[in-house]
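Hi,

Here is the structure I promised to pass on to you. Have a look at it first, and then read my notes below.

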Amino acid sequence: MKLIKNITRVFLIITLNFSFAQTHDSYYQSIVDNCSLSSIQTNLDEFVNHGVKSIGSTELVNAKDWLKAKYASYGYTDIVEDDFSVGGGNTATNIVVTKQGLVYPDTYVIIDGHYDTINGVGANDNGSGTVLILEIARLLANVPTEYSIKFINFSAEEVGLIGSQHYVDNVVNATTPKMDIRLVFNIDEVGGISGMTNDTIVCEEDTSNPPGNNSQSSVMTNELATCIGLYSSLNTEISYAYASDYIPFENNGEIITGLYEKNETPHAHTATDIIANMDVNYVYEITKGSTGALLHFAVANQSLTVSEEVDNTIDLRFFPNPTQGILYIKSNDLINKDLIINLYSIVGKLVLSKEFVLKDDAAKDSISLKGIQSGVYILEAITNGNKTTQKIIVK
């Protein structure tokens with residue numbers, strides 16, 4: 001929940017009545033079409049049933065475990081618990097799920113929202129954002145993207161953005177150079193109000209000082225609004241970012257955008273923040289538009305889908321995959337046999353070619369990938385007149 005109430009905000013809202021170069025993508029639409037209202041409703045029911053998810057509570061721990069199980073059920077394996085301390089001796093946990101990009105694996109699009117609540121079960125604040133992120137994670141689990149995606153459920157937002165600040169300080173900035181972030185896409189309170197006409201979503205951009213990234217944030221936010229229009233039935237408005245988990249990223253110089261309901265609920269932070277007081281169909285429409293937006297930001301690309309399976313008629317293995325700098329070759333049947341290895345970029349450019357006589361010697365039966373940029377490649381292996389291909393990811 002944003003800590004400044006809507007009635008205290010003074011700002012200019014610009015209604016989008018112009019178009020950008022973005023066009024409707026039928027591949028993106030085919031993924032958006034699988035968005036499920038029943039899945040969103042089920043997840044929201046389960047989120048609410050965990051009770052008041054305040055810092056230090058068993059309910060918050062149970063919600064954390066529920067989130068991890070949800071991501072695992074969608075097929076994700078890179079699920080990390082990011083623990084941190086909160087005042088009073090409590091420990092809270094961010095859940096960070098990474099989906100690796102196939103062209104720019106070390107550059108990330110982050111979609112985030114908090115899952116802690118205060119004074120109530122938090123159906124809207126921020127169960128709505130939590131289930132939106134889960135549904136997009138489900139939809140994109142097997143969709144190839146050029147950029148890596150991090151689905152992050154932050155904790156301790158309600159007590160001062162502590163979880164997101166911890167993540168920026170101790171993860172994003174923990175390496176030199178720091179994590180390469182293409183965009184942070186924040187989802188906080190997108191449930192609307194039951195009984196009202198909820199047909200508009202507010203897209204939020206960076207207007208902070210210093211203004212170094214403001215223009216880039218404006219571009220991304222306008223692209224977000226365009227995607228909402230392309231893949232949902234909603235109207236859009238532009239406002240400024242404030243008081244949610246994108247702020248530590250904004251202060252760190254990252255490019256941010258976000259979504260927030262147009263009709264601001266009066267129920268946040270109270271026992272009446274329940275499903276009956278929000279509009280689940282509104283969440284469904286926002287999820288559809290957000291799915292199209294994340295596909296756009298992470299650059300989903302159907303052409304990146306390449307079989308990872310080696311022809312079973314050829315006893316030939318390449319490892320590790322993903323790899324960093326070197327690729328080993330192993331075969332029990334092809335010792336002292338000729339082998340030709342060709343490595344192609346995803347657009348079909350030959351970037352490496354090498355001939356081998358396999359010796360069953362790890363020091364010799366390997367390919368140096370020094371100088372090969374990070375990304376996805378197609379490895380072609382030719383031996384005894386047979387040819388097989390395999391997707392190789394270079395980190």
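A word on terms before the notes: contact here means heavy atoms within 4.5 Å. Please also keep in mind that this is a predicted model.

With that cut-off, arginine 182 touches Thr107, Tyr108, Val109, Tyr147, Met220, Ile255, His296, Phe297 and Val299, leaving aside residues up to four places away in sequence. Arginine 182 sits in strand β6, which covers residues 180-187. Is the residue buried, exposed or something in between? At 25% relative accessibility, arginine 182 counts as partly exposed. Its side chain reaches the backbone oxygen of phenylalanine 297 at 2.3 Å, so you may want to look at that pair on screen. The C-alpha atoms of arginine 182 and serine 368 are separated by 29 Å, with the two positions 186 residues apart along the chain.Next comes helix α8, which spans residues 280-298. Its 19 residues reach 26 Å from the first C-alpha to the last, close to the 27 Å expected at 1.5 Å a residue. Of these 19 residues, 17 are buried, so α8 is largely enclosed by the rest of the structure. At the N-terminal end, aspartate 279 acts as the cap of α8, with a side-chain oxygen 3.1 Å from the backbone nitrogen of asparagine 281. After the helix comes valine 299, whose phi is positive, near 60 degrees.

One residue of α8 that caught my eye is lysine 288. Lysine 288 counts as buried, at 16% relative accessibility. Which residues does lysine 288 touch, not counting those up to four places away in sequence? They are Val32, Cys35 and Tyr231.

Helix α8 also packs against helix α2 (residues 37-49), at an angle of about 120 degrees and with the axes 10 Å apart. The two helices are therefore oblique to each other, and α2 passes α8 in a right-handed crossing. On the α2 side the residues that meet α8 are Leu37, Ile40, Gln41 and Leu44; their partners in α8 are Val280, Asn281, Val283, Tyr284 and Thr287.

A second helix pair is α3 (residues 58-73) and α4 (residues 123-140), whose axes come within 10 Å and cross at roughly 20 degrees. That makes α3 and α4 roughly parallel to each other. Here, too, α3 passes α4 in a right-handed crossing. Trp66, Leu67, Lys70 and Tyr71 of α3 meet Thr130, Ile133, Leu134 and Ala137 of α4.

Best wishes

Key:
Residues are numbered from 1 along each chain as its sequence is written. This is a predicted model: local features need pLDDT of at least 70, side-chain atom pairs count only at pLDDT 80 or more; totals for chains, interfaces and linings use all residues. Side-chain values use heavy atoms; hydrogens and water are left out. Helices (H or I, at least four residues) and strands (E, at least two) are DSSP runs, numbered from the N terminus. The expected span of a helix is 1.5 Å times one less than its number of residues. Buried means under 20% relative accessible area, exposed over 50%, partly exposed in between (1.4 Å probe, protein chains only). A polar contact is a pair of N or O atoms within 3.5 Å; within protein, one must be able to donate a hydrogen and the other to accept it, and residues adjacent in sequence count only if both atoms are side-chain atoms. Axes are lines fitted to C-alpha atoms, for helices over the stretch in contact, and angles run from 0 to 180 degrees between N-to-C directions. Angles under 35 degrees count as roughly parallel, over 145 as roughly antiparallel, 65 to 115 as roughly perpendicular and the rest as oblique. A crossing is left-handed if the near helix is turned anticlockwise from the far one by less than a right angle, and right-handed if clockwise.
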